[in-house]
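Okay, thanks everyone. Let me put the model up and walk you through a few spots.

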Amino acid sequence: MASSSTIATQCLGYTPIPVALLTAEEVPAVDLYRKDAETGRLRLYRAANLPMLPEDLQRLNETNINWLYATDIDHGQMQRFIRRKLDFMIRDETLSLRDRFGRLNLVVEGLLASAFESNDTDDVIRSAGSISAMAVRLLCRDDMTAGDLISLLHHDYQTVTHSLNVAYMMVALARDLRLVGNDQLPAVAVAGILHDIGKLSVSERILTKNDRLQRREQRIAQKHPALGFRRLGKRTDISFAQLMVVYQHHERTSGKGYPVGAVGDEIHPWARLCSVVNVFESLISNRPYRGRYSLTEALSMMDQHLSDGLDQEMYQCWKQSIRKK
Ligand SMILES: [Fe+2]
């Protein structure tokens with residue numbers, strides 16, 4: 001499946017509208033643009049005063065055009081339209097749970113990519129909040145196992161994709177561990193979406209480098225938890241637990257993590273939760289310098305040494321969760 005985030009990130013200043021949410025009966029009355037496949041530029045596709053016919057939508061689907069775009073002038077209207085349609089879609093019992101989650105994931109990846117691209121913390125947190133509430137509704141169903149969830153995720157290397165995957169996995173693991181009440185799961189998901197927000201302050205060249213990072217570059221990359229902490233530290237809409245996820249998700253109970261080498265219980269439980277799935281998610285996703293590992297390979301590597309310094313109870317629970325049918 002093509003990465004929606006790749007598409008959205010090339011259209012900064014426009015709101016991506018998922019074609020999957022459009023119907024001939026209900027198309028927002030705004031100018032809609034489509035991206036030229038060759039040049040990557042946006043061209044007017046449909047003026048606001050023209051109808052959208054069923055055959056138009058069919059043609060878009062047949063040509064694999066998954067996104068149209070509206071100018072930022074219409075941003076608020078578009079966001080409301082998308083949220084309303086998404087809300088309707090995730091309640092649609094005529095679609096299978098897998099189908100609904102797959103569609104939701106595709107759409108929210110694009111929305112979140114757009115918010116990350118804007119580098120606007122308010123926008124990222126607002127998007128994270130609405131995405132989390134919708135995702136948790138599907139993730140909390142008894143017929144959605146962690147194994148199912150993993151089979152539905154994208155595995156390209158984008159901070160946005162990684163952040164969403166980690167968020168979903170944190171919810172699945174927190175639920176299985178009964179770490180928090182169900183009413184707290186959306187807050188856990190928000191923490192997962194935000195855990196790498198400090199990377200917005202690290203150069204893209206370092207984050208996407210194909211070769212091994214030099215020591216100086218590694219030191220810069222490892223500043224992202226502290227940079228994230230600084231970005232969110234004074235906000236009143238972020239809880240202490242969420243902030244600790246951002247700051248401590250690379251700490252290890254052995255004291256060998258960063259940024260400060262905290263040990264054992266000094267690391268917040270939500271941050272320990274994040275660490276377990278963060279390592280796992282990184283292994284099963286593609287990286288600029290290697291392909292993804294299978295679930296079996298990833299667990300075997302974690303068993304051998306990569307789970308050292310992770311919360312072992314949480315890690316064992318995660319293994320059980322993803323093997324559960
Ligand atoms: Fe990180």
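So, Asn119: right after helix 4 ends, this residue takes a positive phi, about 55 degrees. Keep in mind that we're looking at a predicted model here.

Now helix 4 itself, residues 97-118. How does its span compare with what 22 residues should give? At 1.5 Å a residue you'd expect 32 Å, and the end C-alpha atoms sit 31 Å apart, so the two agree.

Let's step back to the overall layout. There are two domains, with domain 1 covering 1-74 and domain 2 covering 92-323. Their C-alpha centres are 29 Å apart.

Next, Phe88. You'll find this one in helix 3, which runs over residues 75-90. Is Phe88 buried or exposed? Exposed, because just 10 other C-beta atoms fall within 10 Å, and the cut-off for exposed is 12 or fewer. If you want a second reference point, take Ser132: 44 residues from Phe88 in sequence, and 16 Å away C-alpha to C-alpha.

Last stop, a helix pair. Helix 11 is residues 224-232, helix 12 is residues 240-248, and their axes come within 7 Å, crossing at roughly 150 degrees. Anything over 145 counts as roughly antiparallel, so that's what we call these two. Who makes the contact? On helix 11 it's Pro225, Gly228, Phe229 and Leu232, and on helix 12 it's Leu243, Val246, Tyr247 and Gln248. By type, that contact has six nonpolar residues, two polar and no charged.

That's my tour. Happy to rotate the model if anyone wants another look.

Terms used. Residues numbered from 1 in each chain as written. Predicted model: local features only at pLDDT ≥ 70, side-chain atom pairs only at ≥ 80, totals over all residues. Domains from an automatic or database assignment. Helix = DSSP H or I, 4+ residues; strand = E, 2+ residues; numbered from the N terminus. Buried ≥ 20, exposed ≤ 12 C-beta atoms within 10 Å, placed from the backbone. Expected span 1.5 Å × (residues − 1). Axes fitted to C-alpha atoms, helices over the stretch in contact; angles between N-to-C directions. Parallel < 35°, antiparallel > 145°, perpendicular 65-115°, else oblique. Contact = placed C-beta atoms within 7 Å. Nonpolar A, V, L, I, M, F, W, Y, C, P; charged D, E, K, R; others polar.
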